Amino acid sequence: MDLKKFSWIRNPKDYNICNDKITITTNPNTDLWQKTYYHFINDNAPMLLTETQEKFFSFTVKTEFSDSKVRFDQCGIIVYLNSENWLKASAEYENTAFNHLGSVVTTNGYSDWQQWKLQQI
């Protein structure tokens, strides 16, 4: 994967891209959500994107929360068409005992989510 072909939608507070590692520090209170049943919208998270013409592709993502101490700190991957149509999968810090693995599907401007508890190892 050529990291030079990636571009930002909304730059993060800080980032470092080198070899096979990307480190991103975001500003507080950034997230991706569109309209939900309780009318919450938050469309301000930075995204580092690339396009592919591949019909089938795979990649590996590894994350760590060594500096996270705040509930809802998260990172993830996104398949992004536009601000009203996307899919994200994320790992979210909950506490020192477990994290959450979650997914949000947004179609025509409406988001829905699912979450699973992951035990710390």
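**Exercise 1.** Which residues does Trp 33 touch, not counting residues up to four places away in sequence?

*Solution.* Start with the ground rules: this is a predicted model, in which local features need pLDDT of at least 70, side-chain atom pairs count only at pLDDT 80 or more, and totals for chains, interfaces and linings use all residues. Residues are numbered from 1 along each chain as its sequence is written, and side-chain values use heavy atoms, with hydrogens and water left out.

Next, apply the contact cut-off, heavy atoms within 4.5 Å. Trp 33 then touches Phe 40, Ile 41, Asn 42, Asp 43, Trp 86, Lys 88, Val 104, Ser 111 and Trp 113.

**Exercise 2.** Find the largest nonpolar core and the strands that supply it.

*Solution.* Look for buried (under 20% relative accessible area, 1.4 Å probe, protein chains only) Ala, Val, Leu, Ile, Met, Phe, Trp, Tyr and Cys residues joined through side-chain atoms within 4.5 Å. The largest such core has seven residues: Leu 32, Trp 33, Ala 45, Met 47, Leu 49, Trp 86 and Val 104. Strands here are DSSP runs (E, at least two residues), numbered from the N terminus. At least two residues of this core come from each of strands S4 (32-33) and S6 (47-49).

**Exercise 3.** Place His 100 and decide: buried or exposed?

*Solution.* First, locate His 100 in strand S9 (residues 98-107). Then check its relative accessible area: at 11%, His 100 is buried. Finally, list its contacts beyond four places in sequence, which include Ser 90, Glu 94, Trp 116 and Leu 118.

Definitions and conventions
Buried < 20%, exposed > 50% of the residue type's maximum accessible area, 1.4 Å probe, protein only. Helix = DSSP H or I, 4+ residues; strand = E, 2+ residues; numbered from the N terminus.
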